[in-house]
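Colleague: I have a structure open and would like to talk it through with you. Could you put it up so that we look at it together?

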Amino acid sequence: MKNKFLLFIAVIVLIGFSTTACGDGGSGGGPLGGDPCASGHDHLESLICRRAGCNHQYALGDRGPGGGFIFYVADSISGRTPFRLYLDADDNTGIIAHYLEAAPSDIGGREWAGRTGDLIPGLSQSSGDQTDWAIGRGRKNTAIIIAYGQNPTNPPSSNTTPFTTPAASACVAPYNAGGSRTDWFLPSKNELDLLELNKAYVGNVGSPGVISYYWSSSQYNSDLVWYQNLSNGGQSDWYKWAPYLVRAIRAF
Ligand SMILES: [Zn+2]
Ligand SMILES: [Zn+2]
């Protein structure tokens, strides 16, 4: 009888664990230890953890679910409205997101593209076109860049240099930043600017007094891309073949 009772308890415990499986879990800070989030928080489209009995939310500098550092929080206290995160090249709807997380270190120097002369559709088409600048847009930009490079008919031109996408491709799976997440991407122009603004919470971004050019995923025109000097904050544009630094970010 006692054995049956223990088995009953064991089954209840197992059911309990399976129903609190991690959604957007990871190593985030918060009220762990006996709470429903010991296996990870769930922040899908929510600033505050959605698990019953948990009120966890991330702050700037917290370790994120992907093993990086939180560098942007869109919450009511700051007055920042949540942003739309576009998940792939064809996503025009997006999901609601509140956080940006930066990988703890650079991937390194990578060409944005193996050649110039491609005006990639779906990205900004000129210097003042803000189509691909927004917070929440970098993941879609990255997917568009990679898809363009994988299409052998782009573009049917006299340029015989292959269109490779080293910077964008380095950010996506199988890349991870020490965690299990592989939904990293090359930041958009405005996302990169937030990284500059809050780089103290991430650390290891750029070097004071040293030119530290980082690529964004925002196209300037057929030859140029927006980049930012993360040692002094300035944004400008340069040729796609330059091997500038790449720092992957993710959003949730
Ligand atoms: Zn959480
Ligand atoms: Zn939680």
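Modeller: Before we start, a word on contacts: two residues count as touching if their C-beta atoms, placed from the backbone, lie within 7 Å. Please also keep in mind that this is a predicted model.

Colleague: Fine. Which residues does Leu186 touch, leaving out those up to four places away in sequence?

Modeller: Leu186 touches Gly138, Asn141, Thr142, Ala167, Ala168 and Cys171, and further along the chain Trp215, Ser216, Ser217, Val246 and Ala248.

Colleague: And which residues have the most contacts inside the largest nonpolar core?

Modeller: That core has 47 residues, and those with the most contacts inside it are Phe71, Tyr99, Leu186, Trp215, Ala248 and Ile249. Across the protein chain, 38% of the 252 residues count as buried.

Colleague: Changing topic, how many helices and strands are there in the protein chain?

Modeller: The protein chain has five helices and ten strands, and three of the strands form an open sheet in the order β1-β4-β10, with antiparallel pairing.

Colleague: Why is one side of β1 and of β10 left without a neighbour in that sheet?

Modeller: β1 (69-73) and β10 (249-251) stand at the edges and each has a single partner strand, so one side of each has no neighbour in the sheet. Neighbouring strands of this sheet are turned by 25 degrees against each other on average, direction ignored.

Colleague: How many bridges join β1 to β4?

Modeller: Four bridges join β1 to β4 (residues 99-102), and the two strands run antiparallel; Ile70 stands opposite Glu101 in β4.

Technical notes. Residues are numbered from 1 along each chain as its sequence is written. Chains are lettered from A and ligands numbered from 1 in the order in which they are written. This is a predicted model: local features need pLDDT of at least 70, side-chain atom pairs count only at pLDDT 80 or more; totals for chains, interfaces and linings use all residues. A nonpolar core is a set of buried Ala, Val, Leu, Ile, Met, Phe, Trp, Tyr and Cys residues joined through C-beta atoms within 7 Å. A residue is buried if 20 or more other C-beta atoms lie within 10 Å of its own, exposed if 12 or fewer, and partly exposed in between; C-beta atoms are placed from the backbone. Two strands pair if DSSP finds at least two bridges between them. Axes are lines fitted to C-alpha atoms, for helices over the stretch in contact, and angles run from 0 to 180 degrees between N-to-C directions.
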